[in-house]
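Q: Got a minute to go through this one with me? I'd like to talk about how its parts meet.

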Amino acid sequence: MDKKARVHIIGAGISGLTAALVLEKHGFAPVIYEASGSAGGRVKTEIINGYHLDIGFQVLLEAYPKVQQYLDIQALEPIELWPGAMIFNNGRREIIGDPLRNIALLWPTIKAGSATFSDKLKVARLNLELQATSLKDIFNGEDIPTRDYLLQKGFSDSMMTNFFLPFFSGIFLEEHLQTSCRMFKFVYKMFGKGSALIPKDGIGVITDQLVSKLGRTKIKYNRPVYQVKDGAISFEDGSQQLSDHIIIATADTNLTGRTGERSVQWQCSDTIYFECLKDEIRKPLIGLVADSEALINSIIYLPQGSAVSRIPYILSVTVVKSHQLSSVDLRKQVEADLSRFCDINDVKFLKHYAIRKGLPVVEDLKNRLPLSAYRLDKNTYLAGDYLLNGSLNAAMASGEGAALALIEDHNMAS
Ligand SMILES: Cc1cc2nc3c(=O)[nH]c(=O)nc-3n(C[C@H](O)[C@H](O)[C@H](O)COP(=O)(O)OP(=O)(O)OC[C@H]3O[C@@H](n4cnc5c(N)ncnc54)[C@H](O)[C@@H]3O)c2cc1C
């Protein structure tokens, strides 16, 4: 059914693009206004010297329900990460992981001193427990900091310091694991249920795929919206557009100008890329830098299917700890840390991305909301990961929810 209503979406991030997909399926032809010159929001890849560099390292968890619903995962040409990590601590390197999902991890995990025998049993038990718990129960369940939850589970100090702290700091983009255990359980369950993937040409191919699925949606780039009021969209250049339905798919501005509306706090991080001649991990594994003196949190060697240079490896380094260093000093510190804690030398700096808005800090983490929660007023709706939790799954779920609320209202009115 061809719907003539004027439908506008503000923001071409993953939530805005998902909303457009759902609206198209129901016969609408939305227009997206995007402030920047390209789609994707926080999911973008830049090509620098022929290398595909994500603007902030991230992975795609294939078990995310909304990812399975909205993406053709195989078409992203993903590289599957092994379910584990290489831990760098005190000059030692060891691998721990889930041998039930990758048998190559069995012997290194048995040998690993970072986790006690009791830790290994507890990890297996936690896996079983979370696989048997529904997402609904996880998000309605206890809401204590992840760190307290893991300590209550009785994990050893060594397991906390060497594995949980650096691994989940890299995921939550905060160093003390203060993020709610609901998010921990959700992510842990997703890791246990499917693989963590890195698209061969970077995370931005997710955006490209969503955009390519849109047939009737128009995306207008470099159109920063200034205000949304009474069904009118005002742009920063002073022009206006009247609309029947508006989805605000960004957490960035207080576009409706109402006092008391939420102002989102953000977890930030730095991603620094280097070219290098050797891959010190030699397996598709994340490297965790567990030493408390290290500024760097995690590292990974990235596949570079379309690299043009003769340098074969790209090393991505994530910094989560807060710091006041300039870009140049940060880079020097990271190089020193790579050498001191990982024995990785001879790296050539490529690019630094300071991510000031990485993940939203969400007080009451949710997996889904009733459609009514996406309605701001009779013709304005909200979408964005900040409404649920900081993940691609949440961005897609919120875009879908806002679009469905809009469709419901439109159908009621007509
Ligand atoms: C460093 C980093 C690591 C991450 N790691 C992971 C991970 O491993 N796994 C995972 O699932 N998720 C991860 N995420 C989170 C995931 O990327 C986000 O949840 C998701 O991209 C959010 O999409 P969104 O549409 O809600 O918001 P955004 O991506 O923020 O999109 C909002 C869009 O609105 C536009 N906009 C803003 N203001 C205006 C305006 N006034 N007018 C017009 N347009 C406007 C912006 O330019 C942007 O394009 C990570 C994010 C970062 C940054």
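**Across the domain interface**

A: Sure. Let's start with a side-chain pair: Lys 66 and Glu 400 form a salt bridge, with 3.0 Å from N to O. Keep in mind that this is a predicted model.

Q: How many salt bridges does the rule find across the interface of domain 1 and domain 2?
A: It finds one.

Q: And residue pairs in polar contact, how many across that interface?
A: Nine, with both residues of each pair at pLDDT 80 or more.

Q: Which elements give two or more residues to the domain 1 side that touches domain 2?
A: Helix H1 (14–25), helix H9 (204–213) and helix H11 (392–413).

Q: What's the mix of nonpolar, polar and charged residues on that side?
A: The domain 1 residues touching domain 2 split into eleven nonpolar, six polar and seven charged.

Q: Switching topic: where do the domains run?
A: Domain 1 covers 7–44 + 205–264 + 369–413, and domain 2 covers 51–199 + 267–360.

Q: How many residues does each domain put into the contact?
A: Domain 1 gives 24 residues and domain 2 gives 24 residues.

Q: What separates the centres of the two domains?
A: Taken over C-alpha atoms, the centres of domain 1 and domain 2 are 31 Å apart.

Q: OK, what area is buried between them?
A: About 2,000 Å², and carbon and sulfur atoms give 62% of that.

Q: Which residues in domain 1 lose the most area to domain 2?
A: Arg 42, Gln 209 and Asn 393, which together make up 27% of what the domain 1 side buries.

Notes:
Residues are numbered from 1 along each chain as its sequence is written. This is a predicted model: local features need pLDDT of at least 70, side-chain atom pairs count only at pLDDT 80 or more; totals for chains, interfaces and linings use all residues. Side-chain values use heavy atoms; hydrogens and water are left out. Domain bounds come from an automatic or database domain assignment. Contact means heavy atoms within 4.5 Å. Buried area is the accessible area (1.4 Å probe) that two parts lose on being put together, summed over both. A salt bridge is a side-chain nitrogen of Lys or Arg within 4 Å of a carboxyl oxygen of Asp or Glu. A polar contact is a pair of N or O atoms within 3.5 Å; within protein, one must be able to donate a hydrogen and the other to accept it, and residues adjacent in sequence count only if both atoms are side-chain atoms. Helices (H or I, at least four residues) and strands (E, at least two) are DSSP runs, numbered from the N terminus. Ala, Val, Leu, Ile, Met, Phe, Trp, Tyr, Cys and Pro count as nonpolar, Asp, Glu, Lys and Arg as charged, and the others, Gly among them, as polar.
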